[in-house]
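Please open the model in your viewer and keep a selection panel at hand. The tour below moves from single residues to the whole fold and then to a pocket.

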Amino acid sequence: FEEPFHSVVTTICKHTAYVEVVHDVSHSKVNVWGINSRNKEQKFALNLLMTPDIDFVSLLGQAGTGKTLLALAAGLDQTLDKKIYTEIIVTRVTVSVGEDIGFLPGTEEEKMTPWMGALEDNLDVLIYLDESVRDCGRASTQDLIRSRIKVKSLNFMRGLTFLKKYLIIYEAQNLPPKQMKPLITRAGPGTKVVCVGNIA
């Protein structure tokens, strides 16, 4: 090949490895909810996120490498456009950096809002990048997107079963195995789980 290409090994059978060429999402004409990959790692990540057959994806990397943005873009594309999933569920462990701020008023989603600053920032970027939306329709698009995204606390997930959901576990490195296992087993048929974090 004159042009370099990226591929991923899909299966290995005895001494034969089957490879599949990944979709190139680095060009402006081919994107995921307005997002293009900037390097091969992001290209591989978007391919994994956009493949419904792969139901568990871990995205690891330093802050600012686009993990949350890629996960959200892929989720919105497959929930609102392709209708593969019915809604996006975002959760994270509520570990405070400094002193605890005490009990927060409001519903479960309102209580989780202070922990989801990065989610809000990335949503703003994705809504701004959607060129099909003019300024007058931006508010209604924002409402539509937010209606399909549910923010849930880990404390209230026991006993639930998620069907056809796109589940993003944010700051997954803070989850101990005894909390991660019951959370992963909440995933029912047609659900994709995306773990985002930085183990470093």
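Before selecting anything, fix one convention: a residue is called buried when its relative accessible area is under 20%, exposed when it is over 50%, and partly exposed in between. Keep in mind throughout that this is a predicted model.

**The cysteines.** Select Cys13 to begin with; because its relative accessibility is 43%, this residue counts as partly exposed. Now move to Cys195, which is buried because its relative accessible area comes to 5%. How many disulfides does a search of the whole structure find? The search returns zero.

**The whole fold.** Switch to a cartoon representation and colour by secondary structure, where six helices and seven strands should appear. Followed from the N terminus, the elements run β-β-α-β-α-β-α-α-α-β-β-α-β. If you colour by accessibility instead, 38% of the 200 residues count as buried, while the protein exposes about 12,400 Å², of which carbon and sulfur atoms supply 55%. A contact map would add that, among contacts between residues at least 6 apart in sequence, 69% join residues at least 24 apart.

**Asp77.** Next, select Asp77, which you will find in helix H2. Is Asp77 buried or exposed? Its relative accessibility is 8%, so Asp77 counts as buried. Display its surroundings as well: leaving aside residues up to four places away in sequence, Asp77 touches Val32, Trp33, Met50 and Lys82.

**The largest pocket.** Stay with helix H2 and turn on a pocket display. Rolling a probe the size of a water molecule over the atoms shows where empty space is left. The largest pocket has a volume of about 470 Å³. Among the 25 residues that line it, select Gly64, Thr65, Gly66, Lys67 and Leu69, which are the closest to its centre. Helix H2 (67-81), helix H4 (117-129) and strand S7 (192-197) are the elements that each give two or more residues to this lining. Coloured by class, the lining of the largest pocket shows nine nonpolar, 13 polar and three charged residues.

**Thr185.** For the last stop, select Thr185, placed in the loop between helix H6 (177-184) and S7. At 47% relative accessibility, Thr185 counts as partly exposed. Finally, draw a distance from its C-alpha to that of Gly159: the two residues are 26 apart in sequence, and their C-alpha atoms lie 9.7 Å apart in space.

Technical notes: Residues are numbered from 1 along each chain as its sequence is written. This is a predicted model: local features need pLDDT of at least 70, side-chain atom pairs count only at pLDDT 80 or more; totals for chains, interfaces and linings use all residues. Side-chain values use heavy atoms; hydrogens and water are left out. On a 1 Å grid over the protein atoms alone, a cavity is a set of points where a 1.4 Å probe fits but cannot get out, and a pocket is an open set with protein on both sides within 12 Å along at least five of seven lines; lining residues have an atom within 4 Å of a point. Grid points are joined across faces, edges and corners, and a volume is the space filled by probe spheres set on the points. Helices (H or I, at least four residues) and strands (E, at least two) are DSSP runs, numbered from the N terminus. Ala, Val, Leu, Ile, Met, Phe, Trp, Tyr, Cys and Pro count as nonpolar, Asp, Glu, Lys and Arg as charged, and the others, Gly among them, as polar. Buried means under 20% relative accessible area, exposed over 50%, partly exposed in between (1.4 Å probe, protein chains only). Contact means heavy atoms within 4.5 Å. Accessible areas come from the Shrake-Rupley method with a 1.4 Å probe; for residues, only the protein chains shown count as cover. A disulfide is a pair of cysteine sulfur atoms within 2.5 Å.
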